[in-house]
Amino acid sequence: MVRRRSRLLAGLATALVLATGTPPASAQAEPATAPKHAAYDPPLEVSIDALTPGVLPTKGPLVVRGTVTNVDLETWQRINLYPMFGSGAPPMTTEDELTAAIATDPEAEVGKRYTEDLAVRAEVASLGPGETQTYTIRIPQRVLREEFTSPTTGVYWFGVHALGENADGRDTLADGRARTFLPYVAPGAGAPVDTSVVVPLRGRVAHSADGELGRTSWWDEALAPDGTLGGPLAFGAASGTKPVTWLVDPAVPDAVSQLAAGNPVREITPVAPADDPSESESPSPSGSASSAGEGGGDGAEVGGATLQPDSPLVRAAQTWLDKAGTVLPDDAVAVLPYGDPDLAAAARALPSLYPTARKHPSATLTAWGVEGTPVVASRNGYLDAAAIDKVDDDATVLLGEQMFGAQDYPDGPPARGRVGDRPVVPTSTATAKGGPGPDRVLAPVALRQRLLSEATVRILAAAAGRTPDGQADPLVVVLPSTIDAAGASEFWAGLDPALVSLVSLPTITHLGTDESQIDPDELTYPEGQVSAQLDAGVFSEAGALIRSGRSLQSILGDGYAIGDTLVGEALAGTSYAMRDDSDAGPRLDRSRSWVTDQLEMVSLSAPQGVTLSSSSGSFNVAIANTLDHAVTVRIEAATDEDATIKAANPIVLAANSRSSVPISADMHGTGVHNVRLRLTDADGTPIGAEAELPIRSGQVGVVIWAIMGTGAGILFLAIGIRLVRRFRSRGGEDGPADSAEATA
């Protein structure tokens, strides 16, 4: 009985709602992001699974179908299901009224239950605990005209009430409710709204240290028909020939392709020639310390083992690829930067990431022939000014309508705009949240009715002259990844052409010429979004992995694609999906350690010291390559300005080989010169191996010889002087005798 008394309290809001068409103030104050109706706990759950047509018809019946489920612990009997009409109040005509209606308590009486014609109802005789029964209610045109005597353009409430009987008896309060919006557009009220439905294919792509995809249990769930990848794919595929736009992270189809191949470990394999794909089948990775079954040991990445060809996940991945490869090439594809990186964080921590992610190729999309339109879009519609500034190509920037605050945009976001020369398209995040509940807010019918209602109020805004060009603003809805694919055909079939004109996202981007310049500093970017961004350390690890991966690619040459593989893994590691992942940075570091192990298999050995016989000379160093693949490296030397060291670059080493490389040295000064030798890639980036050695110049010998020569010269000079003196002394002794002889 407590439950029934609570229903009486909820019913006190009826008079206000019926009189004004506006929910109680308490309901309006509830934020749209708050959990919906957590306290609502009816014994019977009612759903609306089909509503035909999706608008208030002027001809023919309105047919509603759905289910009623007993979630109570006792049996309910004599359950009657009645339609509910909100025709007693003025229709909703603005987005604010729709937003307020979404937050209305499920037990608030927003309309009148129709019980006058017993033929306009459904009956369920008995429903035990946990049992479900389908129902169909056909509402003829005569009843609709009685309830809506003079409808005007706007959005009305419509719902279904279930009244049953249990051990306590029966009352007139609903024991279960379902409700939705029922729009109506009077003839001639306005042209249909150009509408783009964008279906996301985004996911969490995380690799273990040896390149396997981790957490395969997540992929099991995501690829299921009701998963975050399988559900959106099935939902969009149900559109048939109607225009749909796919929002694709290129890393996702590549990751699913890896799963379909058995989730192999990362390998250094030659690129297969175009006419011989078998060449890509190579042996196990060189230097890899982990085996195929060790993926589960990589930190938090549990369950990353190689899969058997007949495993359910491999089959699910192949099924997903088959369907995606069929529908995507025929539809508009909006391509995100590879890996779906957190652009707001990257703009500050690693500015070069955006161009890297934009240019990075997707092997799977290329194989499907999908080029797509470049697009930038966060997962929640928020993107700050710094991130927008880094979009330096022609990518369309999708921004959630919540970024256009009422203070700077009192009339709502512009239909289209530009930040500099960057095209900006606002998206309706409110519409993407679905219907008002209490039944599933993202059920196809609930979401469709919310979209049709949004189109209705935009038609009204244009008719009232609240748009710059008198045309209804286009409507772009990026669906959530949790979209329910069951009943998707009902969503697409019920998009009334009088309200919406389905077009692709690129069409809306280039639609019309009235584009407003948007000041990014006027956009709303809450502090909570700043604190939610990926840590700068994640981008530091990603940058290091990208650099080391490119070095490995460089020494191997163009015949390999390991560099692209590693860059892709690094980009995926910076995804929005990693915001709550404390292992994001360490996981990238472990992958970089794998690359380091490969690079260290090319080593350098030098003598402990070298003494040159003169100012110039040469010596040899040894380089060893223990990889199973040939490499090309360079030796770069660093020393003081009085020495010049040159190597015979580039150096080509065969697989598992050693080579002696001559190094020439030219000394410009005396003394000992310390030289550091490093192995680098073709761009001069060190790859790890290095050696230091002292070189003693041969000019020291010249000095010694000069000293010795000087000493010898002095010695010979001294000898010469001594001889001269000796000869002179002998001449003095002979002089007197000669004189005597002369006198005689």
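# Exercises on a predicted model

In β3, T69 is the bridge partner of E45. The model is predicted. The exercises below start from that strand.

## Exercise 1. Strand β3 and its partners

Find which strands pair with β3, and state how many bridges join each pair.

Solution.

Step 1. Begin with E45 and T69, the bridge partners already named. Strand β1 covers residues 44–46, and 3 bridges join it to β3. The two run antiparallel.

Step 2. Move to strand β2, residues 50–52. This strand pairs with β3 over 3 bridges, again in the antiparallel sense. Here L51 stands opposite V64 of β3.

Step 3. Add strand β7, residues 132–139. β7 and β3 share 8 bridges and are antiparallel. Across this pairing, T67 faces T134 of β7.

Step 4. Check the cover on β3. The strand spans residues 62–70, and 8 of its 9 residues are buried. It is mostly covered.

## Exercise 2. T180 and its contacts

Is T180 buried or exposed? Which residues does it touch?

Solution.

Step 1. Place the residue. T180 sits in strand β9, residues 176–184.

Step 2. Apply the cut-off. Buried means under 20% relative accessible area. T180 has 3% relative accessibility, so it counts as buried.

Step 3. List the contacts, leaving out residues up to four places away in sequence. T180 touches I48, L51, Y156, W157, F158, P436, A446 and Q449.

Step 4. Link back to Exercise 1. L51, one of these contacts, is the residue that stands opposite V64 in β3.

## Exercise 3. Two open sheets

Give the strand order of the open sheet of 4 strands and of the open sheet of 5 strands, and find the edge strands.

Solution.

Step 1. Take the sheet of 4 strands. Its order is β20-β22-β26-β24, with antiparallel pairing. β20 (602–605) and β24 (643–647) each have a single partner strand, so they stand at the edges with one side lacking a neighbour in the sheet. On average, neighbouring strands of this sheet are turned by 25° against each other, direction ignored.

Step 2. Look inside that sheet. β22 (616–625) and β26 (657–667) run antiparallel and are joined by 10 bridges. S616 has D666 in β26 as its bridge partner.

Step 3. Take the sheet of 5 strands. The order reads β21-β28-β27-β23-β25, and the pairing is mixed. β21 (610–611) and β25 (651–653) are the edges: each has a single partner strand, so one side of each has no neighbour in the sheet.

Step 4. Follow β23, residues 631–638. It is joined to β25 by 3 bridges, and the two run antiparallel. V631 is opposite L653 in β25.

Step 5. Add the helix. α19 (residues 536–556) lies across β23 and β28 (686–696). It runs at about 115° to β23.

## Exercise 4. Cover on helix α7

How many residues of α7 are buried, and what do they pack against?

Solution.

Step 1. Count. Helix α7 runs from 230 to 237, and 6 of its 8 residues are buried.

Step 2. Name them: G230, G231, P232, L233, F235 and G236.

Step 3. Find their neighbours. Among the strands are β10 (193–201) and β11 (245–248). Among the helices are α6 (216–222), α9 (312–327), α15 (444–463) and α16 (488–493).

## Exercise 5. A surface patch and R590

Which residues form the nonpolar patch on the surface? Is R590 buried, exposed or partly exposed?

Solution.

Step 1. The patch consists of L715, F716, I719, L723 and F727. Together they have about 530 Å² of accessible area. L715 is found in helix α22, residues 699–743.

Step 2. A general point helps in reading the spacing. An α-helix has 3.6 residues a turn, so residues three or four places apart point the same way.

Step 3. R590 lies in helix α21, residues 584–599. Its relative accessible area is 23%, so it is partly exposed.

Step 4. Measure along the chain and through space. R590 and H207 are 383 residues apart in sequence, but their C-alpha atoms are separated by 9.8 Å.

## Exercise 6. The whole chain

What percentage of the residues is buried, and how many helices and strands are there?

Solution.

Step 1. The chain has 22 helices and 28 strands.

Step 2. Of its 744 residues, 51% are buried.

Step 3. The accessible surface is about 32,600 Å², and carbon and sulfur atoms hold 52% of it.

Note on methods: Residues numbered from 1 in each chain as written. Predicted model: local features only at pLDDT ≥ 70, side-chain atom pairs only at ≥ 80, totals over all residues. Heavy atoms only, no water. Pairing = 2+ DSSP bridges. Contact = heavy atoms within 4.5 Å. Axes fitted to C-alpha atoms, helices over the stretch in contact; angles between N-to-C directions. Buried < 20%, exposed > 50% of the residue type's maximum accessible area, 1.4 Å probe, protein only. Patch = residues over 30% accessible without salt bridge, like charges linked within 9 Å, V, L, I, M, F, W, Y side chains within 5 Å. Areas by Shrake-Rupley, 256 points an atom, 1.4 Å probe, with all protein chains shown as cover. Salt bridge = Lys/Arg side-chain N within 4 Å of Asp/Glu carboxyl O.
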